[in-house]
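Work through the exercises below with the structure open beside you, and try each task before reading its solution.

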Amino acid sequence: MTSEPQYYELTDELIQDGYLKTPELIESFEHIDRADFVPDDQKEFAHCNTPLAIGFNQTISQPLSVAFMLELLQPKAGEHILDIGAGSGWQTAILADVVSKKTAEGTGVATDSELSLGSVVAVERVPELKAFSEVNIDKYGFIRQNIAQVVLGDGTKGYKNSAPYDKIIASASSEGDVPVLWKRQLKIGGRIVAPVGSSIVVIDKISKLKYTKKEYFGFNFTPLVVS
Ligand code: SAH
């Protein structure tokens with residue numbers, strides 16, 4: 001008898017608790033094993049629904065927060081996404097897996113974005129974590145295949161070289177509002193999902209200067225470092 005890998009249990013828990021719903025996201029959560037993204041001394045806890053230390057005073061985010069934010073972001077095959085705060089690279093790898101899926105089954109007609117593989121640019125300010133995340137993400141070949149890239153830098157400025165983005169997500173918390181450069185680097189029709197204080201906000205760009213905002217209260221994130 002073969003037993004299912006243990007990490008399916010974490011995905012099942014997130015589905016049962018109502019955090020994970022979208023089939024593509026469920027598939028990617030099952031494919032990308034969180035144990036590949038934590039230091040050796042944390043491996044035994046990798047499938048627990050808690051944040052874990054990854055060094056440099058940082059944590060790999062709590063699975064329920066990642067699931068909740070990705071459900072709000074609704075990443076799709078073919079999209080170009082900016083991920084602020086690569087940390088362990090876990091969320092970046094899940095995004096890379098989703099955007100590089102080849103087709104949307106059942107529609108019969110491929111849209112433009114479905115014809116080309118999508119890509120993810122992650123920004124990280126700690127050089128050692130940039131290196132750690134790259135090794136982890138490339139366990140799935142995403143760096144080698146140019147689907148994901150980790151850039152060393154200050155994410156409060158976004159990443160202009162690769163803009164505009166279909167979607168922007170952050171896993172470190174801003175104060176007051178998200179940085180204005182993220183809004184500028186977002187395509188019209190695009191979406192930002194980011195922690196602000198102890199909320200998660202969803203910002204949709206309706207036109208060049210018009211945005212809508214929704215707020216979900218009661219989350220805990222490490223601060224976005226403004227330098
Ligand atoms: N999604 C990551 C979360 C890591 S925690 C994971 O699941 O592993 C947040 C990360 O944001 C940390 O690695 C931290 O170093 C980084 N960070 C904080 N402020 C930043 C900034 N201004 N620019 C880029 N990265 C930043």
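**Exercise 1.** Find in which sense strands S4 and S5 pair and over how many bridges, and then place the two strands in their sheet.

*Solution.* Strand S4, residues 119-124, pairs with S5 in the parallel sense over 5 bridges, where strands are DSSP runs of E with at least two residues, helices are runs of H or I with at least four, both numbered from the N terminus, and two strands pair if DSSP finds at least two bridges between them. One of these partnerships joins Glu124 to Leu152 in S5. This is a predicted model, in which local features need pLDDT of at least 70 and side-chain atom pairs count only at pLDDT 80 or more, while totals for chains, interfaces and linings use all residues. Residues are numbered from 1 along each chain as its sequence is written, and side-chain values use heavy atoms, with hydrogens and water left out.

Next, step back to the sheet: it is open, with 7 strands in the order S5-S4-S3-S6-S7-S8-S9 and mixed pairing. Strand S5 (148-152) and strand S9 (211-217) are the edge strands, each pairing on one side only.

**Exercise 2.** Determine which strands helix H4 touches, and what angle its direction makes with that of S4.

*Solution.* Helix H4, residues 90-99, packs on the sheet and touches S3, S4, S5 and S6, contact meaning heavy atoms within 4.5 Å. The direction of H4 makes about 165 degrees with that of S4; axes are lines fitted to C-alpha atoms, for helices over the stretch in contact, and angles run from 0 to 180 degrees between N-to-C directions.

**Exercise 3.** Decide whether Ile200 is buried or exposed, and name some of the residues that it touches.

*Solution.* Begin with its place, which is strand S8. Ile200 has a relative accessible area of 0% and is therefore buried, since buried means under 20%, exposed over 50% and partly exposed in between, with a 1.4 Å probe and protein chains only. Not counting residues up to four places away in sequence, Ile200 touches several residues, including Phe68, Met69, Leu72 and Tyr216. Finally, compare two distances: Ile200 and Leu72 are 128 residues apart in sequence and 9.6 Å apart in space, C-alpha to C-alpha.

**Exercise 4.** Decide whether Lys183 is buried or exposed.

*Solution.* Lys183 is in helix H7, residues 180-184. Its relative accessible area is 16%, so Lys183 is buried. Leaving out residues up to four places away in sequence, Lys183 touches Asp177, Val178, Ile192, Ile203, Lys205 and Tyr211.
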